[in-house]
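Here are my notes on the model, set out as numbered points. Have the structure open while you read.

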Amino acid sequence: MLSEVLLVSAPGKVILHGEHAVVHGKVALAVALNLRTFLRLQPHSSGKVDLSLPNIGIKRSWDVARLQLLDTSFLGGPRRIWSS
């Protein structure tokens with residue numbers, strides 16, 4: 001379990017030309033925006049995972065125990081069983 005807060009971010013981007021063309025090995029023109037997406041991971045003793053997207057008014061919560069039961073084999077590896 002995390003012992004402290006982990007904060008990461010990534011810039012936004014816009015593909016001005018060629019978004020689908022890159023699938024076929026062609027060139028695209030992409031630019032970064034002065035907007036960022038942030039992710040903050042923080043331990044809680046509640047046994048829940050909370051998602052908060054305040055810019056669009058979304059808040060959701062899931063029980064960690066139920067998430068651990070999800071089949072993640074579609075990710076290409078073995079089914080993962082998380083430990084607390």
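**Notes on the salt bridge, the hairpin and the patch**

1. Let me start with Lys48, which counts as partly exposed because its relative accessibility is 37%. For the cut-offs, buried is under 20% relative accessible area, exposed is over 50%, and partly exposed is in between, with a 1.4 Å probe and protein chains only. Keep in mind that this is a predicted model, where local features need pLDDT of at least 70, side-chain atom pairs count only at pLDDT 80 or more, and totals for chains, interfaces and linings use all residues. Residues are numbered from 1 along each chain as its sequence is written, and side-chain values use heavy atoms, with hydrogens and water left out.

2. What does the side chain of Lys48 meet in a salt bridge? The partner is Asp63, at 2.7 Å from N to O. Since Asp63 lies in strand S4 and Lys48 in strand S3 (residues 48–53), the pair ties together parts that are 15 residues apart in sequence. The structure holds 1 salt bridge, the term being used for a side-chain nitrogen of Lys or Arg within 4 Å of a carboxyl oxygen of Asp or Glu.

3. Asp63 itself has a relative accessible area of 34%, so it is partly exposed. Not counting residues up to four places away in sequence, Asp63 touches Gly47 and Lys48; contact here means heavy atoms within 4.5 Å. From Asp63 to Asp50 the C-alpha distance is 8.9 Å, with their positions 13 residues apart in sequence.

4. Trp62 also sits in strand S4, which covers residues 58–63. Its relative accessible area of 38% is why Trp62 is called partly exposed. If you set aside neighbours within four places in sequence, Trp62 is in contact with Gly47, Lys48, Val49, Leu51 and Leu67. The C-alpha atoms of Trp62 and Asp50 are separated by 6.5 Å, and the two residues are 12 apart along the chain.

5. Now the pairing behind all this. S3 and S4 run antiparallel and are joined by 6 bridges; two strands are taken to pair if DSSP finds at least two bridges between them. The two strands form a hairpin with 4 residues between them. Leu53 stands opposite Ile58 in S4. Which residue in the turn has a positive phi? That is Gly57, at about 70°, and a good spot to look at in your viewer.

6. Stepping back to the whole protein, the secondary structure comes to 1 helix and 4 strands, in the order β-β-β-β-α along the sequence. These are DSSP runs numbered from the N terminus, with helices being H or I of at least four residues and strands E of at least two. Of the 84 residues in the protein, 5% are buried. Among contacts with a separation of 6 or more, 34% are between residues 24 or more positions apart.

7. On the surface, the protein exposes about 7,700 Å², and carbon and sulfur atoms supply 60% of that area. Accessible areas come from the Shrake-Rupley method with a 1.4 Å probe, and for residues only the protein chains shown count as cover. Val14, Leu16, Leu29, Val31, Leu33 and Leu35 make a nonpolar patch of about 490 Å². S1 and strand S2 (29–41) are the elements that give two or more residues to this patch, and S2 gives the most, with 4 residues. Patches are made of residues with over 30% relative accessible area and no salt bridge; like charges are joined within 9 Å, and nonpolar side chains (Val, Leu, Ile, Met, Phe, Trp, Tyr) within 5 Å.

8. Two members of that patch deserve a line each. Val14 lies in strand S1 and counts as partly exposed because its relative accessibility is 31%. Leu35 lies in strand S2 and, with a relative accessible area of 57%, is exposed. Leaving aside neighbours within four places in sequence, Leu35 is in contact with Ala10, Pro11 and Gly12. Leu35 and Pro11 are 24 residues apart in sequence, yet 5.9 Å apart C-alpha to C-alpha.

9. Last, Val5, in the segment before strand S1 (6–17). Val5 is partly exposed, at 44% relative accessibility. Beyond its neighbours within four places in sequence, Val5 is in contact with Arg40, Leu41 and Gln42. For Val5 and Arg40, the C-alpha atoms are 6.8 Å apart in space and the residues 35 apart in sequence.
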